[in-house]
Amino acid sequence: MMTHSRYLPTYREKELSTCCDFAARGESLAFVGIAGIGKSNIVKYLTQNHTEKRRYLGDGVDTVRFAVIDANVWDGSALRMWQLLLAAIQQATVDLPQPTVDSKIIHLSEEDTVRRRSQLYIDHICQTLNLRFMIILDDFDEAFRRGPLP
């Protein structure tokens, strides 16, 4: 059965091209704007549409991974942020060789454990596997207004 994208082939070409260019270079980027202008749709497009992503990344499509953290499920705590980050990383790299976790290391807190595991995954993806990795924070408007975590 053939499926059709809900997006036209020309959907947000400039924004998608810019985002993919930044990701391919390993640089950071922020999409900011009022609610309802399509920021989350761009995120969905980048993470769910491999064929169209190839249009912007070409042969490098398999060397760039996007991990999405949705602020709608974040409770505002640092621990939950690290848990969401780790889950997003694992979801974005489920088809890749996973890093080896040293079970002999004892961490002082659950937050420290999850933070260090997230760092281990990012290092593994970027250094060992030599891939580019972009973390996308979706619907974080309120978090940005509140400022840094306590």
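Analyst: Let's start with terms: helices are DSSP runs of H or I with at least four residues, strands are runs of E with at least two, and both are numbered from the N terminus. The model in front of you is predicted.

User: Thanks! What pattern does the protein chain follow along the sequence?

Analyst: The order is α-α-α-β-α-α-β-α. That gives 6 helices and 2 strands for the protein chain. The C-alpha atoms fill a box of roughly 50 × 35 × 35 Å along the principal axes.

User: How much of the protein chain is made up of buried residues?

Analyst: Of the 150 residues, 33% are buried. A residue earns that word when its relative accessible area is under 20%. As for the outside, the accessible surface comes to about 9900 Å², and 53% of this belongs to carbon and sulfur atoms.

User: Why does Lys39 count as buried?

Analyst: Its relative accessibility is 19%, and the limit for buried is under 20%, so Lys39 falls on the buried side. Lys39 lies in helix α2, which covers residues 39-48. Beyond its neighbours within four places in sequence, Lys39 is in contact with Phe31, Val32, Gly33 and Ile34.

User: And what makes Asn130 exposed?

Analyst: The relative accessible area of Asn130 is 62%. Exposed requires over 50%, so Asn130 qualifies. You will find Asn130 in the loop between α5 (110-128) and β2 (132-138). Asn130 also has a positive phi of about 55°, although it is not a glycine.

User: How do you know that Arg25 and Glu27 meet in a salt bridge?

Analyst: The test is a side-chain nitrogen of Lys or Arg within 4 Å of a carboxyl oxygen of Asp or Glu. For Arg25 and Glu27 the N to O distance is 3.1 Å, so the pair passes. Arg25 is partly exposed at 43% relative accessibility, and Glu27 is partly exposed too, at 37%. Both values sit between the 20% and 50% limits, which is why that term applies.

User: What makes Asp95 and Arg65 a salt bridge, and which parts does the pair tie together?

Analyst: Their closest N and O atoms are 2.7 Å apart, and the rule asks for within 4 Å, so the name fits. Asp95 lies in the loop between α4 (78-92) and α5, while Arg65 is in strand β1 (residues 64-70), so the pair ties together parts that are 30 residues apart in sequence. Asp95 is exposed at 54%, whereas Arg65 is buried at 13%.

User: Where do Arg115 and Asp112 lie?

Analyst: Both are in helix α5, 3 residues apart, about one turn of the helix. Salt bridges with shared partners join Asp112, Arg115 and Arg116 into one network. For Arg115 and Asp112 the N to O distance is 2.6 Å, so the 4 Å rule is met. Asp112 is buried, with a relative accessibility of 13%, and Arg115 is partly exposed, with 32%. Across the model, the count comes to 6 salt bridges.

User: How far apart are the mean positions of the positive and negative charges?

Analyst: They are 1 Å apart, taking in 18 positive and 19 negative charges.

User: Which residues make the nonpolar surface patch?

Analyst: Ile135, Leu137 and Phe144 make the patch, with about 290 Å². Membership requires over 30% relative accessible area. Phe144 has 58%, so on accessibility it clears that limit, and because exposed means over 50%, Phe144 counts as exposed as well. Phe144 has its place in helix α6, residues 141-146.

User: How far from Ile135 is Leu29, in sequence and in space?

Analyst: The two are 106 residues apart in sequence and 9.6 Å apart in space, C-alpha to C-alpha. Leu29 lies in the loop between α1 (13-25) and α2. Leaving out neighbours within four places in sequence, Leu29 is in contact with Thr18, Cys19, Phe22 and Met134; contact here means heavy atoms within 4.5 Å.

User: Why is Leu29 called partly exposed?

Analyst: Its relative accessibility is 32%, between the 20% and 50% limits, so partly exposed is the term.

User: What share of the contacts comes from residues 24 or more positions apart?

Analyst: Among contacts with a separation of 6 or more, such residues account for 71%.

Methods:
Residues numbered from 1 in each chain as written. Predicted model: local features only at pLDDT ≥ 70, side-chain atom pairs only at ≥ 80, totals over all residues. Heavy atoms only, no water. Buried < 20%, exposed > 50% of the residue type's maximum accessible area, 1.4 Å probe, protein only. Areas by Shrake-Rupley, 256 points an atom, 1.4 Å probe, with all protein chains shown as cover. Lys, Arg positive; Asp, Glu negative; His and termini not counted. Charge placed at Lys NZ, Arg CZ, Asp CG, Glu CD. Patch = residues over 30% accessible without salt bridge, like charges linked within 9 Å, V, L, I, M, F, W, Y side chains within 5 Å.
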